[in-house]
Amino acid sequence: MRIKKTFLVYENENKCRSEKEPLLQDSDNSEDYWLSSRPSQQFNVIRRVYQQDALNKDADYQVPDRPLGHRCKKLVNSCGIGECLLNSVPLIRWLPKYKTKEYLVGDLVAGATTAVMHIPQGMAYALLSEVPPIVGLYMAFFPVLIYVIFGTSPHISMGTFAVACLMAGKVVTQHATVLDVTHGNSTNGSTAPETGIEYTPIQVVSVVCLCVGMYQIVMWMFRLGAVSTLLSDSLVSGFTTAASFQVVASQLKDLFGVKIGKTSGNYKVVFTIVEVVKNLPNLNWAAFVISLITCIVIALNNELLKPWVSKRSRVPVPVELLAIVVGTLVSKFGGLKEQFGISLVGHIPTGLPVPQVPAIELIPQVAVDAFTITMVTYTISMSMALIFAAKEKYEIDANQELLALGASNVFASFFCCIPFCASLSRSYIQYQAGSKTGVTSVVSASLILCVLLWIGPFFEDLPRCVLAGIIVVSLKGMFMQMKELTKFWGLSKLDAMVWLITFLVTLIVNIDIGLGAGLLASVGALFCRSQKPYTCLLGRVLDTDLYLDTKRYRAAEELPGIKIFHYCGGLNFASKNLFRSTLFRKIGYMKPAVVTHDEDNNLTKSESYEWDPSISHKVQCVIIDATALSYVDAPGIKSLIAVQRELVSSNITVLLAGANGPVLEMIERYNNLEAERLQLDTFPTVHDAVVYYNVSEARKHDVPVTIAP
């Protein structure tokens, strides 16, 4: 048996059959294709009708050979040894190629701009972790220098990030003796003899930072860079949006100038709002007015002045830095603390902190929270790095980023730092300011060093309400993610439900529980999708070898006596029953139960199905189109055997078409191990199966063989 195809190649690809172009067909029942309106070339393709075994023989098919040496090499590479010995320090690759004339000016401008943003944001976000504001500046220096050596993204700005700091602050409230961060340098831990150990917030965030770094290095060793894909876009969006509201709730006391007790545990946002409302009669109007002015000025700059300036200069107006400078001067010369009782930042030490070994004994208590922070910070950092990589056409090594983040966090943990992360706002400003390479981060860290050595004490009189205002306005982009719910709802109801569940649980209950609920919702969404794979019956389009969904293509017509069942997805223990019931229902082997009448004599349609004993009079062949069958396991093969047995008992021929190599290899392994074998005629394409069945039936009934085109 041979198939002859006649192809007509045209110049205008918009021509369709509805334009009444005459159908050209030769006497050999060849197949004709319209590719455009005017034929410029014609050629024929003649081949035999293949069964899968014959095709494998003619094409010299063989299972890929993976010798022991290959497996060992792959194992070594997967553990991070080998390739990483040469590529684990990207600095060696890009620094010798640095083009001073092209890159230096942009890096200097971007570095200075980023440093200006680091100062207010670092001091503000550090308060979210219940540590002194100076820690935020440490994070803009120590881990950044390590990231320059190992990181692969030159455009993201590493340092403090609101969500990461808030998550670290949750751990601090659970395990530390929270001191008043507005007074004194709390870097020295205090211990209680024999009755138990009390840890300062600095000690807790240091061990959290160490634990996060260790997690990331272990993930790098096992090449788990793709683990960030476990957090879907809907989950990350819902989580960060809810976390931004958590951040705002934590700043309400400073925005309104009220004093409330520390809240910990679940439902923190609810309890905080209740406490703030109860203390509104004690509102500090001076702090509230300063907060309001700060928010209005920064918001007006972001909405009006920044777009205007960005068209004329790549250096933005450092309004946040101006806000803390002006706030400090007004507080210092106006005596805001003495006259109005406004809380100030307090003592800021000069110089660099003395390296201290983190409290290793705390690791078991913070391990779970540290893993949550690891996943969130890595996912957010990778997402931002990929955004800029797509714009500038370079590659990001996900596993190398794990090493860069892990080494940076481990090193920073000895210098009182919080786990660091990429900041969206700073990264965009750094990119727009002309950042080209990692030299930008070196310039930024150098300027931060100057602040740490000489300028830090100037900000001791800065009102905390100014920092709270900066935090609230900087979260506008995360608040606007609320609009993404509409997008997710339009694209997929399941994704929208993941967003809602993650958002509500994170907002109302707690951050870690919200992330866990989001992961469970994502897994549930994947399971729901696996239980609703795309299935359809295929029909032949005109006189071609194209077989398309009959419900979507009106020109596709089912062949008499043949049902072609298309299944998309995996066939495994979880979907085997769904596959069987859907196949039987589609081909008519199961028909809807008889329509009945209810008590009010209204017609009701039952959701159940019953067997149709007359199926063999309507269907003589069932072809299972496995072109989109991605995977099959042993229970899935057993379901195929059961389906074949039931259909054959009704005198229906079953054929398998389009299965890929791994699926066929799995079937062969199953047949070699099990006594009950799957014996199906397999074909490389649906059309081969159709032609084979038609010819077989024609020969069986001793009628002239006519190969349908």
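**Exercise 1.** At what angle do helix α12 and helix α19 pack, and how many Å apart are their axes?

*Solution.* The model is a predicted one, and the two helices are first located in the sequence: α12 covers residues 285-310, while α19 covers residues 464-474. Their packing angle is about 35 degrees, and the axes lie 8 Å apart. The next step is the hand of the crossing, which is right-handed. On the α12 side the contact is made by A287, I290, S291, T294, C295, I298, A299 and N302, and these meet C465, V466, G469, I470 and V473 of α19. Sorting the residues of this contact by character gives nine nonpolar, four polar and no charged.

**Exercise 2.** Describe how α10 meets α12, and state the character of the residues in their contact.

*Solution.* Helix α10 spans residues 233-256, and its axis comes within 7 Å of that of α12, with a crossing angle of roughly 115 degrees. From α10 the contact draws on D254, L255 and F256, and from α12 on A287, F288 and S291. Divided by character, the residues of this contact are four nonpolar, one polar and one charged.

**Exercise 3.** Which residues make the nonpolar surface patch of about 700 Å², and which helix gives the most to it?

*Solution.* The patch is made by L329, F333, L352, L453, W454, I455 and F458. Two helices, α13 (319-334) and α18 (439-455), each supply at least two of its residues, and L329 is one that lies in α13. The helix that gives the most is α18, with three residues.

**Exercise 4.** Find which parts of the chain are tied together by the salt bridge of D369 and K170.

*Solution.* The structure holds ten salt bridges, and in one of them the side chains of D369 and K170 meet at 3.1 Å, N to O. Because D369 belongs to helix α15 (residues 363-392) and K170 to helix α8 (residues 162-175), the pair ties together parts that stand 199 residues apart in sequence.

Key: Residues numbered from 1 in each chain as written. Predicted model: local features only at pLDDT ≥ 70, side-chain atom pairs only at ≥ 80, totals over all residues. Heavy atoms only, no water. Axes fitted to C-alpha atoms, helices over the stretch in contact; angles between N-to-C directions. Helix = DSSP H or I, 4+ residues; strand = E, 2+ residues; numbered from the N terminus. Left-handed = near helix turned anticlockwise from the far one by under 90°. Contact = heavy atoms within 4.5 Å. Nonpolar A, V, L, I, M, F, W, Y, C, P; charged D, E, K, R; others polar. Patch = residues over 30% accessible without salt bridge, like charges linked within 9 Å, V, L, I, M, F, W, Y side chains within 5 Å. Areas by Shrake-Rupley, 256 points an atom, 1.4 Å probe, with all protein chains shown as cover. Salt bridge = Lys/Arg side-chain N within 4 Å of Asp/Glu carboxyl O.
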